[in-house]
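Hi,

Here is the structure I promised to pass on. Have a look at it first, and then read my notes below.

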Amino acid sequence: LEILQRLWTGNVTVGMLSPRLQKVLKVQLSSNRHQVVYRGPRGGRRSGVQLYCELKRRTRIQTVDGTEEPFSSLGWARLVPPLPLQESQYQSCAVVMSAGAVLNSSLGWEIDSHDAVLRFNAAPIKGFERDVGTKTTIRIINSQIVARPKHQFNSSSLYRDGTLLVWDPAPYSSDLTQWFEKPDFDLFSPYVQQRRLRPEQPFYILHPEFIWSLWDLIQDNTEDQIQPNPPSSGFTGILLMMSLCREVSVYEFIPSVRRTDLCHYYERYHDDACTLGAYHPLLYEKLLIQRIHQGHQDQLRRGKVTLRGFRTVQC
Ligand code: C5P
């Protein structure tokens with residue numbers, strides 16, 4: 001658990017991970033299952049406003065909008081929500097990670113005081129209101145949630161409120177036809193079905209180019225070679241909200257004093273990979289977010305990162 005404490009100062013190297021997690025990282029690097037070809041510079045040491053400006057310049061929210069093949073031929077321009085996601089704007093936003101360490105945080109009231117709240121995957125509210133609040137404005141889900149029967153995407157009340165964003169790990173080359181024919185989990189048919197069933201609920205598919213541009217951004221600002229897999233939903237959500245909001249509070253991304261190897265606050269499953277990363281370059285995501293935290297180190301200990309929205313950053 002010492003490594004988690006060190007995240008408060010950003011003083012972490014891969015060598016501090018358990019041998020098991022170091023091994024997983026090596027396996028991910030050598031298998032490169034999404035065929036990542038990385039050409040950019042590595043190890044940018046930007047900080048402060050410079051780093052904010054780089055993030056602002058390179059974070060362009062993109063969703064599947066039906067203007068590209070194969071989606072245009074399928075008439076998706078009329079299937080996707082009429083209002084582009086980028087046009088939502090909020091003052092203050094909360095991003096609530098699903099980490100076990102949100103348990104007993106009593107952060108619910110503070111989270112609810114924001115104008116918009118972002119949650120992830122199957123993270124519930126019922127029974128956890130005191131720690132996670134009650135409001136959901138946007139939910140980011142992975143393709144497994146819409147594709148696997150056990151999640152009951154069609155009928156579960158979890159996915160009924162607010163705006164939904166789904167993503168799926170496409171190949172790095174981002175050939176949309178190849179992706180459409182062979183997604184990791186079939187998100188396309190449930191998406192079409194849901195759009196027809198509940199056209200009034202905004203529901204978007206994150207564009208693979210957006211996902212991979214965030215990966216490039218992490219790699220360009222990290223000295224080590226990072227896992228060649230998409231960033232975690234948590235990181236994608238943070239950058240999304242920095243684009244839509246004037247200020248962003250992130251809860252339990254940098255682990256607080258409540259740090260634990262409990263994976264999620266809503267299930268009894270213990271694995272420190274959930275917090276430190278195995279498939280996702282999660283440790284590197286956390287180190288990057290630590291570098292742009294605007295508050296005091298005390299806030300990190302309480303589980304809160306404060307970030308500026310891109311609209312307030314003058315470059
Ligand atoms: O596991 P899941 O992806 O649903 O969790 C949402 C996000 O919360 C993750 O993508 C990750 O960024 C963050 N998380 C974390 N530590 C955990 C569990 C989740 O940082 N123990």
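**Notes on the model**

N121 sits in the loop that runs between strand 2 and helix 5 (129-132). Its phi is near 45 degrees, a positive value in a residue other than glycine. With 17 C-beta neighbours inside 10 Å, N121 counts as partly exposed, because a residue needs 20 or more to be buried and 12 or fewer to be exposed. N121 is also among the closest residues to the ligand, together with A99, F120, S232 and G234.

Before going further: this is a predicted model. The protein chain averages a pLDDT of 96, and 99% of the residues score at least 70. For the complex, the predictor gives an ipTM of 0.99 and a pTM of 0.98.

Back to the ligand. It is surrounded by 15 residues. Helix 10 (233-244), strand 7 (262-264) and helix 11 (273-276) are the elements that give two or more residues to this shell. Helix 10 gives the most, with 3 residues. By type, the shell around the ligand divides into 7 nonpolar and 8 polar residues, with no charged ones.

Now the sheet. It is open, has 7 strands in the order 5-4-3-2-1-6-9, and its pairing is mixed. Strand 5 (203-205) and strand 9 (304-308) are the edge strands, each pairing on one side only. From one strand to the next, the twist averages 20 degrees.

Some of the pairings, if you want to click through them:

- Strand 1 (residues 90-96) and strand 2 (residues 116-120) pair in the parallel sense over 3 bridges, and A94 stands opposite V117 in strand 2.
- Strand 3 (residues 138-142) runs parallel to strand 4, joined by 5 bridges, with R139 opposite L164 in strand 4.
- Strand 4 and strand 5 also run parallel, joined by 3 bridges; here V166 stands opposite I205 in strand 5.

How enclosed is strand 4 (residues 163-167)? Of its 5 residues, 4 are buried, so strand 4 is largely enclosed by the rest of the structure. P202 is in the loop between helix 8 (188-197) and strand 5. The C-alpha atoms of P202 and T163 are separated by 4.9 Å, although these two residues are 39 apart along the chain. P202 has 17 C-beta neighbours inside 10 Å, so it counts as partly exposed.

Helix 2 (residues 19-31) makes a handy check on geometry. At 1.5 Å a residue, its 13 residues should span 18 Å, and the end C-alpha atoms are 18 Å apart, which agrees. Is helix 2 buried or in the open? The number buried is 1 of the 13 residues, so helix 2 lies largely in the open. Just after helix 2, N32 takes a positive phi of about 40 degrees.

Last, a couple of backbone oddities. Most residues other than glycine have a negative phi, and most peptide bonds are trans. E252, in the loop between strand 6 (245-251) and strand 7, has a positive phi near 60 degrees. E252 counts as buried because it has 28 C-beta neighbours inside 10 Å. And E69 and P70 are joined by a cis peptide bond, with omega about 0 degrees; P70 lies in the loop between helix 3 (48-58) and strand 1.

Cheers

How values were computed: Residues numbered from 1 in each chain as written. Predicted model: local features only at pLDDT ≥ 70, side-chain atom pairs only at ≥ 80, totals over all residues. Near = placed C-beta within 6 Å. Nonpolar A, V, L, I, M, F, W, Y, C, P; charged D, E, K, R; others polar. Expected span 1.5 Å × (residues − 1). Pairing = 2+ DSSP bridges. Axes fitted to C-alpha atoms, helices over the stretch in contact; angles between N-to-C directions. pLDDT = per-residue confidence, 0-100.
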